[in-house]
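This report is meant to be read alongside the sequence and the coordinates. It goes through cysteines, sheet, helix packing and backbone geometry in turn.

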Amino acid sequence: MVGSSCAAAIFNAATWGDDCAVFDLEYTREVKDWTRCNEVWMSQEDFCDFLEEQQGVIKEPCGVELLDLVANFRQKSSVEFGRSFRGADGQVCVSYQEKTTGATRDMALPSEFTLHLPIIRGAEKMTMYEVKARLRVRVDKESHSLKLKYSLVRLDVPQRNAVADVAGWLRKKL
């Protein structure tokens, strides 16, 4: 479910036959953006730009905190990434070396983060759902650059529930 979802109702009138009403639901810009970039490897700069645009829906850790963690390397002019690995606490760790100082460091990133996404355009408050995203990190072996992506966890469930919420609300109103 990427672009929209459709709800239809059939009315049976004894003298007129079947009449049909269709209500086309459109997903919010946020859902479309997160779906478009789901499972797409991005450079650190592109990932930071995406997080900056979307930080309003990132709830845990908060968008500013997650952006700060990911952007931390961007502030260092000369960093070479060594490897990425999963720490004992489940966090994603990245090993890097600052070329100017020669110091090798590790930095932990959360292995997942939580979004609060409005699902249906025009019914944003009624269809606000929590969605988990798993953070994936890798180091390009040739360029030693950082690559990041996220994987949305079961976005289809809140999408189906949001459509059902709107349908239920319409049923009550009609």
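The structure holds 0 disulfides, and this, like everything below, is read from a predicted model. Cys37 is buried, with a relative accessible area of 10%, and Cys48 also counts as buried, at a relative accessibility of 0%.

**The sheet**

The strands E3, E10, E9, E8 and E4 make up an open sheet of 5 strands, in the order E3-E10-E9-E8-E4 and with antiparallel pairing. E3 and E4 stand at the edges and have a single partner strand each, so one side of each is left without a neighbour in the sheet.

Within this order, strand E8, residues 112-118, pairs with E9 in the antiparallel sense over 7 bridges, and Thr114 has Lys132 in E9 as its bridge partner. On to strand E10, residues 146-153, E9 is joined by 8 bridges, again with the two strands running antiparallel, and here Arg138 stands opposite Lys147 in E10. E10 in turn pairs with E3 over 2 bridges in the antiparallel sense, where the bridge partner of Ser43 is Lys147. Lys147 is thus named in both registers, opposite Arg138 and as the partner of Ser43.

Which residues of E9 lie on its covered face, and which on the uncovered one? In this strand, residues 128-139, the covered face consists of Tyr129, Val131, Ala133, Leu135, Val137 and Val139, whereas the uncovered face carries Met128, Glu130, Lys132, Arg134, Arg136 and Arg138. Lys132, the bridge partner of Thr114, and Arg138, which stands opposite Lys147, therefore both belong to the uncovered face. E9 and E10 form a hairpin with 6 residues between them, and His144 in the turn has a positive phi of about 55 degrees.

**Packing of two helices**

Two packed helices are described by the angle between their axes and the distance between the axes. For helix H2, residues 44-54, and H3, the axes come within 10 Å and cross at roughly 170 degrees, which makes H2 roughly antiparallel to H3. From H2, the residues Gln44, Phe47, Cys48, Leu51 and Glu52 take part in the contact, and they meet Leu66, Leu67, Val70 and Ala71 of H3. Sorted by class, the contact of H2 with H3 has 7 nonpolar, 1 polar and 1 charged residues. Cys48, one of the contact residues of H2, is the cysteine with a relative accessibility of 0%.

**Backbone geometry in the loops**

Two residues that are not glycines have a positive phi and are placed in loops; the table sets out their values and positions.

| Residue | Phi | Loop |
|---|---|---|
| Glu39 | about 65 degrees | between helix H1 (29-36) and strand E3 (42-43) |
| Arg154 | about 50 degrees | between E10 and helix H4 (156-173) |

How exposed is Glu39? At 41% relative accessibility, Glu39 counts as partly exposed. The loop that holds Glu39 leads from helix H1 to strand E3, and E3 is one of the edge strands of the sheet. The loop of Arg154, by contrast, lies between E10 and helix H4, and E10 is joined to E9 by 8 bridges.

A further backbone feature is the peptide bond from Glu60 to Pro61, which is cis, with omega near -10 degrees. Pro61 has its place in the loop between strand E4, residues 58-60, and helix H3, residues 63-71. This loop connects two elements already described, with E4 standing at an edge of the sheet and H3 meeting H2 through Leu66, Leu67, Val70 and Ala71.

Note on methods:
Residues numbered from 1 in each chain as written. Predicted model: local features only at pLDDT ≥ 70, side-chain atom pairs only at ≥ 80, totals over all residues. Heavy atoms only, no water. Buried < 20%, exposed > 50% of the residue type's maximum accessible area, 1.4 Å probe, protein only. Helix = DSSP H or I, 4+ residues; strand = E, 2+ residues; numbered from the N terminus. Pairing = 2+ DSSP bridges. Disulfide = S-S within 2.5 Å. Axes fitted to C-alpha atoms, helices over the stretch in contact; angles between N-to-C directions. Parallel < 35°, antiparallel > 145°, perpendicular 65-115°, else oblique. Contact = heavy atoms within 4.5 Å. Nonpolar A, V, L, I, M, F, W, Y, C, P; charged D, E, K, R; others polar.
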